[in-house]
Each structure stands twice: as structure tokens, then as C-alpha cells.
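Me: I would like to go through this model with you carefully, asking about one feature at a time and hearing the reasoning behind each answer.

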Amino acid sequence: MELRHLRYFLAVAKEGNITRAAQQLHIGQPPLSQQIKSLEDELGVKLFQRTPHGVVLTPAGQAFEVQAAYVLEQAEHAKKTARRAAQGEIGQLRLGFTGSAPFNPVVPAAINALKKLFPAVELTMEEANTPQLLQGLVEQRLDAAFIRPAFYAPEGLQFYRLADEPMKIALPSTHVLVRKKYLKAKDLMDESFILVPGPPGTTLYSEVFELCHAQGFSPRISQPAPQISSVINLVAAGLGISIVPASLSQIRLKGVCYKDFVPPAPIAQLAFAWLDQNNGVVRRLLEIVQRLQQGN
């Protein structure tokens with residue numbers, strides 16, 4: 001039994017006449033009669049009682065009519081649901097992000113826009129470092145992620161890079177260096193650094209080391225931080241200094257001062273990453289991120 005058999009049956013039931021139903025369906029009357037007979041043979045019941053003026057439903061046909069209409073309605077609903085999912089209007093999005101990503105204004109704006117435009121999308125979020133997020137994408141535990149682009153990229157992943165942002169230096173407000181308008185990396189040579197530790201290839205951690213190495217020294221880590229937002233609290237406590245994306249300077253804590261680098265400042269990179277380009281919800285979020293990035 002196929003859906004077309006149900007459509008044929010319902011057309012005949014509505015018209016009460018096989019010839020008129022055939023005209024409505026744009027098929028010949030003999031083929032339609034044959035299809036109805038095949039359906040009755042498959043069901044093992046008579047659906048119609050033939051009369052001189054047409055056909056009428058038997059009790060079995062009346063019962064079948066209700067169910068046939070329901071099945072076609074559900075099939076149409078399933079078709080529309082599949083199309084909406086393909087277009088990213090409904091579905092699930094498992095979104096990952098690094099701890100510093102939400103401080104970039106594009107990230108929360110994109111998530112809010114997605115929720116507003118497509119409220120039927122089920123959104124779950126996970127915070128982790130970049131290598132863990134990349135692994136989550138490869139293992140398909142995540143659909144997309146905002147990451148700090150690593151020095152390596154697993155095969156198959158796609159990336160849309162957001163605008164680079166300058167880095168700033170977070171200092172205790174009582175530090176002697178706050179008197180300077182601009183700072184160089186080598187000004188931090190004797191300082192104790194507060195960083196979020198991570199495996200090799202995690203960009204914020206590694207880029208700070210690369211920046212310092214370029215100036216002829218290795219940063220001395222005095223205090224590891226459990227997450228990027230904790231870095232600012234530890235700086236406020238006077239436990240050291242840090243180098244952070246400029247967007248983190250929106251965290252205003254008493255005891256913390258943010259200073260600019262002598263231009264050109266080192267940059268922090270951020271990217272939107274995904275694996276399956278056939279995921280409609282991912283495409284929708286990517287479109288939103290691109291519009292926001294372009295200022296539209």
C-alpha cells in the first residue's frame with residue numbers, strides 16, 4: 001500500500017463516482033478502478049458498494065476513510081517538518097564555545113538572534129577549550145563551536161573566521177606599569193603571568209608564549225586560572241598580570257587596569273567551526289554570524 005492508493009481512495013470516497021474522481025486526479029477511469037480493486041484485494045475487504053449512480057462507502061470503507069485521511073495528514077506534516085529541518089527552522093543545535101568566546105559581541109548576538117528567529121530550535125551549549133571542542137566536532141558530539149583557531153585543524157572541519165581583536169594587558173591597578181600609556185611585551189619580562197593552562201595548540205595560551213619568546217623571554221606562570229573569566233579576578237587580587245583579548249576588558253573589577261600594547265598589538269583569533277554542512281540549523285547560525293560580522 002502506497003500513499004497514492006490512499007489519495008485515490010479518498011478522491012473516490014469524496015466524489016462518490018469513479019469517473020469524476022479520475023478526472024480530478026488526472027488519470028484514466030480504468031486505471032483508477034484497477035487501483036481501487038488492488039487496494040481492496042490487499043486489505044481483504046470491500047471499501048465501496050457499487051450502485052447504478054456511482055459508489056458508496058461500505059462500513060469498512062467508512063472506517064478506512066478516517067484512518068486514510070489521518071495517514072495522509074501525518075505524511076504531509078512529516079514532509080513539512082523535514083523541509084523546515086533542512087532549512088534550519090527546527091531541529092537541534094549542540095553548540096560549543098571557548099570560555100572567552102562569549103565576550104566577543106558577535107557570539108551572544110548571534111545566539112540571541114537564532115533563538116529569536118527560530119524559537120523551535122533546541123539549543124544546548126558546552127564550554128571547553130579549543131582542542132576539546134575540535135574533538136567534539138570530529139566525534140559529532142557537537143554540531144558547531146566558537147573556537148580560538150588552533151595550530152592544527154582536523155580534516156573535514158570548516159571554519160569561518162571572525163574579525164581579529166587586539167590583545168590587552170590586564171594589570172593590578174596598583175602596578176607601576178599602569179603609569180605608561182602603552183606597553184611592550186618586553187616590559188612584562190619580570191612579571192608573573194596568570195593564564196588558563198591548556199594543551200599545546202590552544203591559541204590564547206600558546207600565543208602569549210609565542211609573543212614573549214619573540215621578545216627573548218619565557219613568561220613565568222605564577223598562577224594557573226581555571227577559566228578565562230577567573231584570570232581577571234586573580235589579577236584584581238594582585239597575584240600577577242595577564243594578556244587577554246580586548247573584549248575581556250568589559251569585565252570591570254576594582255583593582256584591575258587594562259593597558260594597550262604599543263601598536264601593532266598582538267591579536268586574538270576567533271572562528272566559527274562546523275563539520276556537517278548539511279545541518280540546516282548550523283547554516284542558519286553561520287548566516288547570522290556572517291551578517292553580524294559584516295555589520296548588517
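What follows is a set of questions and answers on the overall form of the chain and on several of its loops.

Me: Which element of this predicted model has the lowest confidence?

Reply: Because the model is predicted, I would look at confidence before anything else, bearing in mind that where pLDDT is low, the predicted coordinates should not be read in detail. The chain averages a pLDDT of 87, and 93% of the residues score at least 70. Among the elements, strand β14 (residues 271–274) has the highest mean, at 95, whereas the lowest, at a mean of 80, belongs to helix α4 (residues 59–86).

Me: What is the radius of gyration of the chain, set against that of a compact globule of 296 residues?

Reply: The C-alpha atoms fill a box of roughly 105 × 30 × 30 Å along the principal axes, and the chain includes nine helices and 14 strands. For a compact globule of 296 residues one would look for a radius near 19 Å, but the value for the chain is 32 Å.

Me: What share of the contacts with a separation of 6 or more comes from residues 24 or more positions apart?

Reply: As background, 44% of the 296 residues count as buried, and the accessible surface comes to about 15500 Å², with carbon and sulfur atoms providing 52% of that area. Among contacts with a separation of 6 or more, the share from residues 24 or more positions apart is 72%.

Me: How far apart are the mean positions of the positive and negative charges?

Reply: The chain carries 30 positive and 25 negative charges, and each set is reduced to its mean position. The separation between these two mean positions is 7 Å.

Me: Is serine 173 buried, partly exposed or exposed?

Reply: Serine 173 sits in the loop between β7 (165–172) and β8 (182–183), and beyond its neighbours within four places in sequence it is in contact with Val178, Gly255, Val256 and Cys257. Its C-alpha lies 8.0 Å from that of lysine 254, although 81 residues separate the two in sequence. Because its relative accessible area is 38%, between the limits of 20% and 50%, serine 173 is partly exposed.

Me: Which residues does lysine 180 contact, leaving aside its neighbours within four places in sequence?

Reply: Lysine 180 belongs to the loop between β7 and β8 and counts as partly exposed, at 38% relative accessibility. Its C-alpha is separated by 9.4 Å from that of aspartate 260, which is 80 residues away along the chain. With the neighbours within four places in sequence set aside, the contacts of lysine 180 are Asp187 and Lys259.

Me: What is the omega of the peptide bond that joins proline 263 and proline 264?

Reply: Most peptide bonds are trans, which is the background for reading this one. Proline 264 lies in the loop between β12 (256–261) and β13 (267–268). The bond joining proline 263 and proline 264 is cis, with an omega of about -5°.

Me: What is the phi of histidine 26, and what is that of glutamine 140?

Reply: Most residues other than glycine have a negative phi. Histidine 26, in the loop between α2 (18–25) and α3 (29–43), is exposed at a relative accessible area of 71%, and glutamine 140, in the loop between α6 (130–138) and β5 (144–147), also counts as exposed, at 55%. Neither residue is a glycine, yet phi is positive in both: about 60° for histidine 26, and near 60° for glutamine 140.

Methods: Residues numbered from 1 in each chain as written. Predicted model: local features only at pLDDT ≥ 70, side-chain atom pairs only at ≥ 80, totals over all residues. Heavy atoms only, no water. pLDDT = per-residue confidence, 0-100. Helix = DSSP H or I, 4+ residues; strand = E, 2+ residues; numbered from the N terminus. Rg over C-alpha atoms; globule rule 2.2 N^0.38 Å. Buried < 20%, exposed > 50% of the residue type's maximum accessible area, 1.4 Å probe, protein only. Contact = heavy atoms within 4.5 Å. Areas by Shrake-Rupley, 256 points an atom, 1.4 Å probe, with all protein chains shown as cover. Lys, Arg positive; Asp, Glu negative; His and termini not counted. Charge placed at Lys NZ, Arg CZ, Asp CG, Glu CD.
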